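Let's take a walk through a protein model, one piece at a time. Have a look at it first, and then we'll start with its strands.

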Amino acid sequence: MSELGSFDRCGACGKYDFLGRHKCAPAWEVFWPYGHEDWTDAATVHVLSAQYAAEEWASSHDSNGDYDIVGGSEATVRVRPKGEDGLGLEFIVTGETVPEYHARESA
Ligand SMILES: [Zn+2]
């Protein structure tokens, strides 16, 4: 095995990486007030910034639901570093679909 270690899923943050050099990104709590009581319902994500945390939440929310954000709905969420109290920062998340092209050899 190389010094990079095996390429696998980190048990702490869930990201795939070479585990020999992997460092978990900071943990953030994302709270979606709509239909949820308080921060105990918040999702935890491991990314580099609060903004990325809101975007990661939206991607996860959509793929676990009916793609309402990418379908045009906005969601307002609050993001704070995991383990801290307070209201955190507020983000409005939106989404869009992106065209994707595929090529295959014809013969
Ligand atoms: Zn990790």
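Find A75 and look across to strand β6: the bridge partner of A75 there is V93. Keep in mind that you're looking at a predicted model. That bridge belongs to a wider pairing, in which β5 and β6 (residues 89–93) run antiparallel to each other over five bridges.

Now turn to β3. This strand pairs with β5 too, again in the antiparallel sense, and here there are four bridges. If you want a spot to check, try E29, which stands opposite R80 in β5.

Next comes the core. The largest nonpolar core is made of 13 residues, and V30, A53, A54, W57 and V77 are the ones with the most contacts inside it. Which elements give two or more residues to this core? They are β3 (27–31), α1 (50–63) and β5 (75–81). Of these, α1 gives the most, with four residues.

V77 is a nice residue to click on. Setting aside its neighbours within four places in sequence, V77 is in contact with V30, F31, W32, A54, W57, F91 and V93. You've already met V93 as the bridge partner of A75.

Finally, go to L48, in the loop between β4 (43–46) and α1. Is this residue buried or exposed? L48 counts as exposed because 10 other C-beta atoms lie within 10 Å, and the cut-off for exposed is 12 or fewer. Leaving out neighbours within four places in sequence, L48 is in contact with A25 and P26. L48 and W28 are 20 residues apart in sequence, and their C-alpha atoms are 9.1 Å apart in space.

Note on methods: Residues are numbered from 1 along each chain as its sequence is written. This is a predicted model: local features need pLDDT of at least 70, side-chain atom pairs count only at pLDDT 80 or more; totals for chains, interfaces and linings use all residues. A nonpolar core is a set of buried Ala, Val, Leu, Ile, Met, Phe, Trp, Tyr and Cys residues joined through C-beta atoms within 7 Å. A residue is buried if 20 or more other C-beta atoms lie within 10 Å of its own, exposed if 12 or fewer, and partly exposed in between; C-beta atoms are placed from the backbone. Two residues are in contact if their C-beta atoms, placed from the backbone, lie within 7 Å. Two strands pair if DSSP finds at least two bridges between them.
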